[in-house]
Amino acid sequence: MAEVVFRHICKTYDKTMEAVKDFNLTVADREFVVFVGPSGCGKSTTLRMVAGLEEITAGELYINGRLVNNVLPRDRDISMVFQNYALYPHMTVYDNIAFPLKMAKLPKAAIRAKVMEAAEILEITELLPRKPKALSGGQRQRVAIGRAIVREPQVFLMDEPLSNLDAKLRSQMRTELVKLRQRINTTFIYVTHDQTEAMTLGDRIVVMEAGHIRQTGTPVEVFTKPQNRFVAGFIGTPQMNFIDAELSLSGGVYRVCACGFPLEPGAQVQQILRERGAAPGPVVLGVRPEHLHPAQEGIAARVEMAELTGSTVQLRARAGETELVANLPFGAGIVPPPHDAPLHLFPETEYLYLFARADGRSLLAD
């Protein structure tokens, strides 16, 4: 178990391409932190610098209080699980899990005890005689995790370990990872592009874009209080609706005009805007799909598509040049509207988000 500290970490390729820019973060001992962001945001590069697989261009990296910039990967006391499992095809499951222990020259009895304990934790004891080609994707991933945990490292690193699995297996393995974390209780740094994994697994989420940290916080904080438009759009499925709007102030009351429809934000939003002395002018209004509903009055739009996804209907509509998505509950007597049907969509005024038009910063976040 160990604390991991990033101080002004930078990674530059060919002296011109900055993959990671001034990365500052402290991962507490036994914390599960998830790096999440789109492809190319620098999350895997940052993880690989922790592992020692990428050289740090600038900054300092500490593991358990020790500066490790120039420490070899084998001497950092970390374990890493890769996206493609990286199992040895000619070895049995037992030998794959035992391999790092054999390299460490542990006694056979100690190796067997550790392998059997890991197999029991991951429920793969019956798979130990098999070779990787006889395993499913989920089973291979468990073996890769087993090989990592037998080393009892200070830090576990996981680089998109579930991305090669189908949706059902991903859901199952997320549950397995939560159980695993509860049993071994050590420091985890986990990389994914899937915001569902980030929300369900992490104690904290680090949202990255273009090599920068855009926000760090608990899953609830990042979802309910996004600090900028990027985070608001990236976290949440379907993503938040964004509407160019005008913020006005009259008689001490703020109003937002979106697509020609005036809205009066709820009491909490009003209070924050007043406390910060928000200036009237162009803004971007954010509304999550679950807070946008058909009503007698609201933003005038036309239906482009209604998708039944099971318990909900995902309604896609257009108001002028603005695309809107609303999540509607599906049940008896509810008929999805046909294509090109006119309707009005009303945003719940207690759940409005406002962003600066110029730089995307939140006008409401702390």
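**View 1. Asp-159, a buried acid without a salt bridge.** Asp-159 is buried (under 20% relative accessible area, where exposed is over 50% and partly exposed lies in between; 1.4 Å probe, protein chains only). No salt bridge, meaning a side-chain nitrogen of Lys or Arg within 4 Å of a carboxyl oxygen of Asp or Glu, is found for Asp-159. The nearest side chain of opposite charge belongs to Arg-48, 5.5 Å away; for this purpose Lys and Arg count as positive, Asp and Glu as negative, and His and the chain ends are not counted. This is a predicted model, so to speak of local features a pLDDT of at least 70 is needed, side-chain atom pairs count only at pLDDT 80 or more, and totals for chains, interfaces and linings use all residues. Residues are numbered from 1 along each chain as its sequence is written, and side-chain values use heavy atoms, with hydrogens and water left out.

**View 2. The surroundings of Asp-159.** Look for the side chain of Ser-44, which makes a polar contact of 2.8 Å with that of Asp-159. A polar contact is a pair of N or O atoms within 3.5 Å; within protein, one must be able to donate a hydrogen and the other to accept it, and residues adjacent in sequence count only if both atoms are side-chain atoms. Beyond its neighbours within four places in sequence, Asp-159 is in contact (heavy atoms within 4.5 Å) with residues including Leu-47, Met-80, Phe-82 and Val-191. Asp-159 itself lies in strand β7, residues 155-159; strands (E, at least two residues) and helices (H or I, at least four) are DSSP runs, numbered from the N terminus.

**View 3. The six-stranded sheet and two of its helices.** Six strands form an open sheet with mixed pairing, in the order β6-β7-β8-β3-β9-β10; two strands pair if DSSP finds at least two bridges between them. Strands β6 (78-81) and β10 (212-217) are at the edges with a single partner strand each, so one side of each has no neighbour in the sheet. On average, neighbouring strands of this sheet are turned by 15° against each other, direction ignored. Helix α1 (residues 43-51) packs on the sheet, where it touches β3, β6, β7, β8 and β9, and its direction makes about 145° with that of β7. Helix α5 (residues 167-184) also packs on the sheet, touching β3, β7 and β8, at about 160° to the direction of β8. Axes are lines fitted to C-alpha atoms, for helices over the stretch in contact, and angles run from 0 to 180 degrees between N-to-C directions.

**View 4. Strand β9 and its two partners.** Five of the six residues of β9 are buried. Four bridges join β9 (residues 204-209) to β3 (residues 32-36), and these two run parallel. Here Val-34 stands opposite Ile-205, while Phe-35 has Val-206 as its bridge partner. Towards β10 there are five bridges, and that pair runs antiparallel; Val-206 stands opposite Thr-216 there. The hairpin of β9 and β10 has two residues between the strands, and Ala-210 takes a positive phi near 50° in it.

**View 5. Backbone details in three loops.** Asn-64, between β4 (58-63) and β5 (66-67), has a positive phi near 55° and is partly exposed, at 46% relative accessible area. Glu-152, in the loop between α4 (137-149) and β7, has a positive phi near 50° and is exposed, at 52%. Finally, the peptide bond from Thr-237 to Pro-238 is cis, with omega near -10°; Pro-238 is in the loop between α8 (229-234) and β11 (241-250).
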